[in-house]
Number of protein chains: 2
Amino acid sequence: MSVIPIRDRKAERRAGTRSEILAAAWEIAREDGLAEVSLRAIGARVGMRAQSLYSYFDSKHAIYDAMFGEGNEELLARMEAADAAGGTPEQAFRRGTHVFVDFAVEDPTRSQMLFVRTLPGFVPSAEAYAPAVRTLDLTTAGLERLGVTDPALVDIWTALLSGLIQQQFANDPGGDRWTRHVDEVIDMFLAHAKRRKSR
Amino acid sequence: MSVIPIRDRKAERRAGTRSEILAAAWEIAREDGLAEVSLRAIGARVGMRAQSLYSYFDSKHAIYDAMFGEGNEELLARMEAADAAGGTPEQAFRRGTHVFVDFAVEDPTRSQMLFVRTLPGFVPSAEAYAPAVRTLDLTTAGLERLGVTDPALVDIWTALLSGLIQQQFANDPGGDRWTRHVDEVIDMFLAHAKRRKSR
DNA sequence: GTCTATATGTGGATAGAC
DNA sequence: GTCTATCCACATATAGAC
């Protein structure tokens, strides 16, 4: 007859090692690029043989998937916090936009994983993707509160934002040549939406 | 004493084979993805062993570089043709924009190579990059004729365009959910530039 | 849970015969 | 110029001992 322990030390240890493995994977990705993340490299960093990682993850893609999910959850958490901070709809929208851009710019590797998705053969699972859907919902809800409901305008808005971020990464990594125009781009977009409505 | 031939048949043959190799590489890239382009795969397609390709290109990167150069030259040729077609500055600008967007959308693989640049370790040579610089010059010249000279606006414009194209590829490949808004985005941008100038 | 050993596959590149 | 043979490095993944 087994005694049920207050804490499941074994499970805790396991979860801890899983976190370590993911942290190592992020380190490698940031230092050497996403393509350089290999089981060997991860193993070397956590002090294990590559093969032993299979005790924690079913495959390399499972590691990618966990990274993808982690990143999206972090973004969602920040977007929800920004959303809950109050103010006028426009203030909230501007704040949310800045939170998003800051998140994207602060970790190019993470952005590449979440937004560009260049990993050959990797398709995120539905669970890992779920927070991304919620984040987009927050954005469309924010636009709706500003009276922007036309799907065409929502698409244009996502294009504006992703364009700024993409150009920033591609042509001025680490700088702010494009992202410093966020507020001007918001102005431009809102003026357009307003003008369009009054027609 | 050697006779100088009218035509250099040997050089012509060599150039022909080089073209064949590049064509095969493009085919593989379009069918299976840019990452699947390997010397073995190219060799199989042109009826050679992979090793024999070294008689035509110094390395795999040299093949990438030639592809990159080809793509940029094709784009530049189209942009120059659009530029030479006359009309008002605004007509020319709109036409050039459509030519660019069409070019980007018609071959996602080529766009990935030219604009996203996800190939690990590949850095284009200065020669291969030169036409890209000229293309950008054409764009800024077109904006200048419209009275748009502020570098900030030029950057915003490039972000708008790349954002539309990126979203198109990422979320509606093969469709036109984003690119159909090109003219509206041009309107929005030009209105913003005008309003900004009148301040 | 971690190891050694191994299977199996990919890739780029070089040497030398013909 | 093309071939065979070979090297080398790297990858994911499995089997089985401890």
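In this predicted model, a base nitrogen of DNA strand C lies 2.9 Å from an N or O atom in the side chain of Arg40(B). The backbone of the strand is also approached by side chains from both protein chains: a polar side-chain atom of Tyr56(A) is placed 2.6 Å from a phosphate oxygen of DNA strand C, and an N or O atom in the side chain of Lys60(B) is found 2.9 Å from a phosphate oxygen of that strand. In total, 14 residues surround DNA strand C, and those that come nearest are Gln51(A), Tyr56(A), Gln51(B), Tyr54(B) and Lys60(B). Of the atoms of DNA strand C that come within 4 Å of the protein, 59% belong to sugar and phosphate. When the residues of this surface are sorted by class, four are nonpolar, six polar and four charged.

DNA strand D is likewise surrounded by 14 residues, of which Arg40(A), Tyr54(A), Lys60(A), Gln51(B) and Tyr56(B) come nearest. Sugar and phosphate make up 60% of the atoms of DNA strand D that come within 4 Å of the protein. Two serine side chains are placed beside phosphate oxygens of this strand, with a polar side-chain atom of Ser38(A) at 2.9 Å from one such oxygen and an N or O atom in the side chain of Ser52(B) at 2.8 Å from a phosphate oxygen. A base is approached as well, since the definition of a polar contact, a pair of N or O atoms within 3.5 Å, is met by an N or O atom in the side chain of Gln51(B) and a base nitrogen of DNA strand D, which are 2.4 Å apart. The surface near DNA strand D comprises four nonpolar, six polar and four charged residues.

The arrangement of the two protein chains was examined by superposition. Chain B is brought onto chain A by a rotation of 179° with a shift of 0.1 Å along the axis, leaving an RMSD of 0.1 Å, and the two copies are therefore related as by a two-fold rotation axis. Within chain B, the C-alpha nearest this axis belongs to Gly163(B), at a distance of 1.7 Å from it. Both copies use the same surface, given that 100% of the contact residues of chain B recur in chain A.

Across all chains, 32 salt bridges are found in the structure. In chain B, Asp107(B) is paired with Arg30(B), with the closest N and O atoms 2.7 Å apart. Because Asp107(B) lies in the loop between helix H4 (89-106) and helix H5 (108-116) of chain B, whereas Arg30(B) lies in helix H1 (residues 9-32) of chain B, this pair ties together parts that are 77 residues apart in sequence. The partners are also set apart by their exposure: Asp107(B) is buried, with a relative accessible area of 7%, while Arg30(B) is partly exposed, at 46%.

Another salt bridge of chain B joins the side chains of Glu12(B) and Arg7(B) at 3.0 Å, N to O; here Glu12(B) is partly exposed at 39% relative accessibility, and Arg7(B) is partly exposed at 47%. In chain A, the side chains of Arg180(A) and Asp176(A) meet at 3.7 Å, N to O, in a salt bridge, in which Arg180(A) is exposed with a relative accessible area of 53% and Asp176(A) is partly exposed at 37%. Chain A further contains a network of salt bridges that links Glu74(A), Arg78(A), Glu106(A) and Arg110(A).

Technical notes: Residues are numbered from 1 along each chain as its sequence is written. Chains are lettered from A and ligands numbered from 1 in the order in which they are written. This is a predicted model: local features need pLDDT of at least 70, side-chain atom pairs count only at pLDDT 80 or more; totals for chains, interfaces and linings use all residues. Side-chain values use heavy atoms; hydrogens and water are left out. A residue is near a molecule or strand if one of its heavy atoms lies within 4 Å of it. A polar contact is a pair of N or O atoms within 3.5 Å; within protein, one must be able to donate a hydrogen and the other to accept it, and residues adjacent in sequence count only if both atoms are side-chain atoms. Ala, Val, Leu, Ile, Met, Phe, Trp, Tyr, Cys and Pro count as nonpolar, Asp, Glu, Lys and Arg as charged, and the others, Gly among them, as polar. Copies are superposed by least squares on the C-alpha atoms of residues with pLDDT of at least 70 in both. Contact means heavy atoms within 4.5 Å. A salt bridge is a side-chain nitrogen of Lys or Arg within 4 Å of a carboxyl oxygen of Asp or Glu. Buried means under 20% relative accessible area, exposed over 50%, partly exposed in between (1.4 Å probe, protein chains only). Helices (H or I, at least four residues) and strands (E, at least two) are DSSP runs, numbered from the N terminus.
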